[in-house]
Amino acid sequence: MNAAEHNPGERQDAVRVRGSARLHMGFLDLNGGLGRRFGSIGMALDAPATELLIAHAPRDVIDGPEAERVGRHLATLTLALGLRGGHRITVRQAIPAHSGLGSGTQLALALATALRRLHGLPPDRAGDAARLGRGARSGIGVALFAAGGFVLDGGRGAADRPPPLLARLPVPADWRVLLVLDRAQQGLSGAGEAAAFRALPPMPEATAARLCRLALVRLLPALAEADLVDFGAALAQIQVIVGDYFAPAQGSRFASPRVAAALAALTAAGAHGAGQSSWGPTGFAFAPDEATARSWREAVRPHGEGLDIRICRALNHGAAVSRVAAASVRPRRAAA
C-alpha cells in the first residue's frame, strides 16, 4: 500500500509510514523573468529513510529522533484538521537533518499521511506541505513522497502552494547512486538559507535558458532511453552551472571540501553525473550497476576518510503506508 491509496472512513489500530530520502539535483530558473522561479529536478532514493508509527492515545506522547519537530507539526495539524484525542508516535528512524536529503519534508509528510490515515481523512499532500511550511521553493519533495522516481517541477508562481509537477519518469532498476555524506558538516537551512537566496543576484536569463534546455532536451530524454552516459553528462553540466551560481553563498561549488574530493575521485574512476544535493553537504554520483558501484566505492576510499559512502538505489514508488498493531508503537517520553 502506498501514499496514494486511501480507504475512506477506515479506523486503524496504528499506522506506519516510511518515506525515503531524495536528491535535489538543481534549480532550473533563478531568473524569474517569466513569472515563475526555481523549477527543480530530483530523484527518490531507497535510503536513508524516515519511518514513524502512530496510534490513538489519551494524550500526545512522542519517542525517537526528531521528536521535538514532530511535536510542533502534530500541534499544527491537530488544530488545522480539527483532530480529537491524543496520539502515540514512535519515530523509528529519520533522514539526517540539514544534509540535503529532504529530511524536513519527508518527516512532515510522513506525519501528515499517518494522521490522515489513522483518522480516516482523505490525502492532501500539497495542503499539508503548505500548512507545515514545506515546498516553499521546490515541489520535488512532495512529488517524490507521493510517487518516487525522477521528477521535474514547474517552479513557484504567484500562488501560495508547492510548484506543480510537470514530469515524472522511472529510473532504471540497475542504476546505483553512490551517496557521499559528511557527518561533520551541515548545509544551509531556515533563516540562513533564506538570507542566502536574498543575497544572490538574479540568474542571467541566458543561464536559466541553458539549464532548462539541458533538462528538457538532454537529461529527461536520456533517462527515458536509459542512457546513463548522456544522463550523467547533462546532469554534470547542470551541477556545474548551479554550483557556481551558489558558490558565493556556500564558499565553493561544493559545501564540503571532503565531499568535493571524493566526487572528483569517483568521476576519475568513471562515475557519472557527480554533484551536490541541495545545499549539501551530501554529494552523489551514478554507476550503471551494483558491481561497478562497489568497485568505484573501493577506489575512492583513500579520498573519503571520515565520509560515509553508501550505495543506494532509486525508489520508483511513493512512501509506504501500512496498518500495524498498536502494540508496536512504544513511546518512552512525552512531547514537549
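This is a guided tour of a predicted model, with selections to make one after another in the viewer.

**Confidence first**

Begin by colouring the protein chain by pLDDT, whose mean is 90, with 93% of the residues reaching 70 or more. Among the elements of the chain, select helix 5 (residues 190-199), which has the lowest mean pLDDT at 77, and then strand 9 (residues 283-287), which has the highest at 98. Next select residues 1-12, where pLDDT stays under 50 and for which the model nevertheless has 31 contacts beyond four places in sequence. Residues 332-336 also have pLDDT below 50, and this stretch has 11 contacts in the model beyond near neighbours in sequence. Where pLDDT is low, the predicted coordinates should not be read in detail.

**Strand 2 and its partners**

Now select strand 2, residues 38-57, and show the rest of the chain as a surface around the strand. Because 17 of its 20 residues are buried, strand 2 is largely enclosed by the rest of the structure.

Add strand 1 (residues 14-29), which pairs with strand 2 in the antiparallel sense over 13 bridges. To find one place along this pairing, select Leu23, whose bridge partner in strand 2 is Met43. Then add strand 4 (residues 86-93), which runs antiparallel to strand 2 and is joined to it by 7 bridges; here Leu53 has Thr90 of strand 4 as its bridge partner. Finally add strand 5 (residues 150-153), whose antiparallel pairing with strand 2 rests on 3 bridges, and look for Leu152 of strand 5 standing opposite Ile41.

While strand 2 is still on screen, zoom in on Pro48, which lies in this strand and is joined to Ala47 by a cis peptide bond with omega at about -5°.

**The loop between strand 8 and strand 9**

Move on to the loop between strand 8 (272-276) and strand 9, and select Ser277 within the loop. Is Ser277 buried or exposed? Ser277 counts as buried, because its relative accessibility is 0%, and the cut-off for that class is under 20%. Setting aside neighbours within four places in sequence, display the residues in contact with Ser277, which are Arg22, Leu23, His24, Gly100, Thr282 and Phe284. One of these, Leu23, was already selected as the bridge partner of Met43.

Stay in this loop and select Ser278, whose phi is near 55°, a positive value in a residue other than glycine. Ser278 counts as partly exposed, since its relative accessibility is 29%. Further along, select Pro281, which is also placed in the loop between strand 8 and strand 9; the peptide bond leading to Pro281 from Gly280 is cis, with omega near 5°.

**His98, another positive phi**

Now go to the loop between strand 4 and helix 2 (103-119), and select His98 there. This residue is not glycine, yet its phi is positive, near 55°. With a relative accessible area of 28%, His98 is partly exposed.

**Last stop: helix 9**

End the tour at helix 9 (residues 290-300), where Ala291 is found. Ala291 counts as exposed, because its relative accessibility is 56%, and the exposed class begins over 50%. How far apart in space are Ala291 and Gln250, C-alpha to C-alpha? Drawing a distance line between the two C-alpha atoms should give 34 Å, for residues that are 41 apart in sequence.

Note on methods
Residues numbered from 1 in each chain as written. Predicted model: local features only at pLDDT ≥ 70, side-chain atom pairs only at ≥ 80, totals over all residues. Heavy atoms only, no water. Buried < 20%, exposed > 50% of the residue type's maximum accessible area, 1.4 Å probe, protein only. Helix = DSSP H or I, 4+ residues; strand = E, 2+ residues; numbered from the N terminus. Pairing = 2+ DSSP bridges. pLDDT = per-residue confidence, 0-100. Contact = heavy atoms within 4.5 Å.
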